[in-house]
Amino acid sequence: MSVDRMEEKAVVEETAAVTAATVRYYSVAPGVRLNVRSGPGTSYTIIRVLPEGTKVPIYCQTPGTSVAGPYGTSNIWDNISNGQYVSDAYVLTGSDGYIADRCS
């Protein structure tokens, strides 16, 4: 393996370690089975349903459809995995605003 290739691999591994270390998990509202959608809004397809008691990572957040939930009304949607979004109104983040970077 060339030196350039070894350095590139080290940078990728370091980036992955930093990202994993900075992701926090947040509780979904008690007693809620939460719809996970393919985009940031209620018009997007439901791709799965999270069971009660789930904690979710928030990789980034983006504006979308406004939703009323246990934690208020919000138009913020949390990206919990590639192409998977949940309404922030159902996630206990401790804030009414953004707590993660905006999705690009």
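Val-28 finds its bridge partner across the way in strand 8, and that partner is Val-91. This match-up comes from a predicted model, and it belongs to a pairing between strand 1 (residues 25-28) and strand 8, which run antiparallel over two bridges. Zooming out a little, strand 1 is the middle member of an open sheet of three strands, ordered 4-1-8 and paired in the antiparallel sense. The edges of that sheet are taken by strand 4 (55-57) and strand 8 (91-92), each of which pairs on one side only. As a bit of background, strands in a sheet are held in their pairs by backbone hydrogen bonds, and the pairing can be parallel or antiparallel.

What does the chain look like overall? Its secondary structure adds up to one helix and eight strands. Reading from the N terminus, the helix comes up before the strands, giving the run α-β-β-β-β-β-β-β-β. The chain has 104 residues, and 35% of them count as buried. About 6400 Å² of the chain is exposed, with carbon and sulfur atoms supplying 50% of that area. As for contacts between residues at least 6 apart in sequence, 47% join residues at least 24 apart.

Another antiparallel pair is made by strand 5 (residues 60-69) and strand 6 (residues 72-81), this time over seven bridges. These two strands form a hairpin, with two residues sitting between them. Within this pair, Cys-60 stands opposite Asn-79 of strand 6.

Next comes Arg-37, a residue of strand 2 (residues 34-37). Is Arg-37 buried or exposed? Its relative accessibility is 13%, and because anything under 20% is classed as buried, Arg-37 counts as buried. Setting aside neighbours within four places in sequence, Arg-37 is in contact with a whole crowd of residues, among them Thr-42, Ile-46, Trp-77, Gly-83 and Tyr-85. Tyr-44 is on that contact list too, and the side chain of Arg-37 reaches the backbone oxygen of Tyr-44 at 2.6 Å. Arg-37 and Arg-48 are eleven residues apart along the chain, and their C-alpha atoms are separated by 7.3 Å.

Finally, a look at the aromatic rings. How many aromatic pairs turn up in a search of the whole structure? The count is zero. A ring does feature in another kind of arrangement, though: the charged end of Arg-102 sits over the ring of Tyr-98, at 4.0 Å from the centre of that ring.

Methods. Residues numbered from 1 in each chain as written. Predicted model: local features only at pLDDT ≥ 70, side-chain atom pairs only at ≥ 80, totals over all residues. Heavy atoms only, no water. Phe/Tyr/Trp six-rings, centres within 6.5 Å; stacked < 30°, edge-to-face > 60°. Lys NZ or Arg CZ within 6 Å of the ring centre and 35° of its normal. Pairing = 2+ DSSP bridges. Helix = DSSP H or I, 4+ residues; strand = E, 2+ residues; numbered from the N terminus. Buried < 20%, exposed > 50% of the residue type's maximum accessible area, 1.4 Å probe, protein only. Contact = heavy atoms within 4.5 Å. Polar contact = N/O pair within 3.5 Å; in protein donor to acceptor, adjacent residues only side chain to side chain. Areas by Shrake-Rupley, 256 points an atom, 1.4 Å probe, with all protein chains shown as cover.
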